[in-house]
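Colleague: I am new to this structure and would like to learn how its features can be read, one at a time. Could you take me through them?

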Amino acid sequence: MVEIVFLTPFITGILAFFLPKRAGRQLLVGTGTIHLFLSLLLWKNRPEAIFKGYFAVTPEGLLSLLVISLLFFLISIYTIGYLKESDILKENIFSGSILLFLSTMTMVTLSDHIMVLWIAIEATTLASAPLIYTHRSSASLEATWKYVLICSVGIAMALLGSVLITLAMDIGNVDVPLSYPALVSVAQKLDPLWLKAGFVFILVGYGTKMGLAPMHTWLPDAHSEAPSPASALLSGVLLNCAYLGIFKTNKIMYAAGLGDFSGMILIVFGLMSILAAATFILKQNEYKRMLAYSSIENMGIIAFGTGVGGLGVYGAVLCMIHHSLIKSSLFLSSGNILLGYKDRLIKNTGDMVRCMPKTFIAFFAGFAGIAGFPPFGIFIGELFIIVAAFRTGHYVAVGIFILSLCVIFAGFANQVMKISFNNFDNDSYDKGDSNKKVCLTEKASLVWPQYILLLTSLILCFFIPDTLYQTIVEAVTAIGGGLK
């Protein structure tokens, strides 16, 4: 039952490569529906895997799986309308790759073995690379190679980190399977020096895929060049998958009594990422790259909260869930902006409130949510992280954290206002003038997925089902003493 959740999109993904050009559209929605149904069954029943020790239903994995499944289902609906309006020629390659991408990300969430998780995260790189190269331009080719090369170097470092953890087992005379629960149970016996070295390499390796600075350089190009449905998955889901590898390894560090060491490193990388986003977002002239730097910021927030521990980890998980929902909505809205204005430069857009009012509502609400306005969940998560940081005495770090968030908000707000309200003479459009742009006819499939994502985020701010809350608590209890 567990394995079939990632095998289903794998089979349909292979099938999509051999189907006629447009047949993959229905296959995307069909697979998304089946995947969501299977994920809900998994959430309810929580069965054991056939290959125990390699795959398991864990609290943190379930959280990511449910987010992945919901996002893919809604993104697949959006993709049908997007493909009708866009100029993607190789639709069968796009559909097949995005389904394989779903399969590999699902495999990450269900992996409970240190090497199987590494294989699954590496597979996400191979599955998603063709998505970045969809438009077959020189810029997309450069972004694809940068993505593959940088992430491959990172994943190689994560492999080295995993090997170092096995070395910590050998020196400590520990003989257990390489599953995460087994490693947590014997963490006190592992050699601390090599365990620390292994964590550093895993953090740098998976942190590259997660988009932590200074290993983040692939992310703005990849998100900018990929079609918007792919960008939504890259930002809303893929980054979380890389975070899972760090999260699980951090549990081992806390069990070994090395939580202060791993926490401080996470805080440093988190602040570096937030500062990098603050630096680049102020002068950003492309809206998709702006959203990419916002993702770097949010990954920094999540890393910072995880490093603080306790209540901060709970805030980090809340930020992870709400970032996925809201940022995916923003990238889908950016797809509408690109279809409507046919330009990625902010200076060549404007007056979206009049030209595309439905997209404007989704985009502006997404901005409010991702910027941390109450009552959206990002605000609640950040508040928990700040409270936890003050409680643990990280006064300088939390001061930098708050100041950087204010700078990012100012830069983000400035660009959003330009896109939404700057003058744009759409009424004077002339087919003979290539400098004019035509705004998009906003079909239901191009706007309602964003609304549902934002509404889901908003509902979770006021009401968290008990099963969801308990799952979050189970996931974070092992790090920093739980919700203290």
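**Reading the features in turn**

Modeller: Let us begin with one residue, E60, which counts as buried because its relative accessibility is 8%. Please keep in mind throughout that this is a predicted model.

Colleague: How should I think about a charged side chain of that kind, and with which residue does E60 form a salt bridge?

Modeller: The general idea is that side chains of opposite charge can pair when their charged atoms come close. Here E60 forms a salt bridge with K248, and the closest N and O atoms of the two are 3.5 Å apart. K248 belongs to helix α10 and E60 to helix α3, so this pair ties together parts that lie 188 residues apart in sequence.

Colleague: Is K248 buried or exposed?

Modeller: K248 counts as buried, since its relative accessibility is 2%. K248 also forms a salt bridge with D112, where the closest N and O atoms are again given as 3.5 Å apart. That pair links distant parts of the chain, with D112 in the loop between α4 (91–110) and α5 (114–132) and K248 in helix α10, 136 residues apart. Both D112 and K248 are buried.

Colleague: Which residue of helix α9 is linked to R344, and what is the N to O distance in that salt bridge?

Modeller: The side chain of R344 meets that of E225 in a salt bridge, at 3.2 Å from N to O. R344 sits in the loop between α13 and α14 (352–355), whereas E225 sits in helix α9 (residues 218–225), and the two are 119 residues apart. The partners can also be read by their accessibility: R344 counts as partly exposed because its value is 25%, while E225 is buried, with a relative accessible area of 11%.

Colleague: Which residues are joined into one network by salt bridges that share partners, and how many salt bridges are counted?

Modeller: The network consists of E60, D112, K248 and K251. The count comes to 10 salt bridges.

Colleague: I would next like to understand empty space inside the model; how many cavities of 30 Å³ or more does the structure hold?

Modeller: In general, rolling a probe the size of a water molecule over the atoms shows where empty space is left. In this structure there are three cavities of 30 Å³ or more, and the largest has a volume of about 50 Å³. Its lining is made up of E60, L63, Y243, L244, F247, V317, M320 and A475. The elements that give two or more residues to this lining are α3 (59–85), α10 (228–255) and α13 (311–341), and α10 provides the largest share, three residues.

Colleague: How do the residues of that lining divide by class?

Modeller: The lining of the largest cavity has seven nonpolar residues, no polar residues and one charged residue. The second largest cavity holds about 40 Å³ of space, and the residues lining it are I88, K90, I93, F94, P130, T134 and R136. By class, these are four nonpolar, one polar and two charged residues.

Colleague: And the aromatic rings: how many aromatic pairs does a search of the whole structure find?

Modeller: A pair of aromatic rings is described by the distance of the centres and the angle of the planes. The search finds 18 aromatic pairs in the whole structure. In one of them, the rings of Y147 and W218 have centres 5.0 Å apart and planes at 50 degrees, so the pair is tilted. This pair links distant parts of the chain, from Y147 in helix α6 (residues 138–171) to W218 in helix α9, 71 residues apart. Y147 is buried, with a relative accessible area of 0%, and W218 counts as buried at 0% relative accessibility.

Colleague: What are the ring distance and plane angle for F367 and F373?

Modeller: Their centres are 6.4 Å apart and their planes stand at 65 degrees, so this pair is edge-to-face. F367 counts as buried at 3% relative accessibility, whereas F373 is partly exposed, with a relative accessible area of 36%. Both residues belong to one aromatic cluster, formed by F360, F364, F367, F373, F409, F412 and F421.

Colleague: Which residue lies over the face of W43, and which over the face of F261?

Modeller: R46 lies over the face of W43, at 5.2 Å from the ring centre. K196 lies over the face of F261, at 5.2 Å from the ring centre.

Terms used: Residues numbered from 1 in each chain as written. Predicted model: local features only at pLDDT ≥ 70, side-chain atom pairs only at ≥ 80, totals over all residues. Heavy atoms only, no water. 1 Å grid on protein atoms, 1.4 Å probe; cavity = no way out; pocket = protein on both sides within 12 Å on 5 of 7 lines; lining within 4 Å. Points joined across faces, edges and corners; volume = space filled by probe spheres on them. Helix = DSSP H or I, 4+ residues; strand = E, 2+ residues; numbered from the N terminus. Nonpolar A, V, L, I, M, F, W, Y, C, P; charged D, E, K, R; others polar. Salt bridge = Lys/Arg side-chain N within 4 Å of Asp/Glu carboxyl O. Buried < 20%, exposed > 50% of the residue type's maximum accessible area, 1.4 Å probe, protein only. Phe/Tyr/Trp six-rings, centres within 6.5 Å; stacked < 30°, edge-to-face > 60°. Lys NZ or Arg CZ within 6 Å of the ring centre and 35° of its normal.
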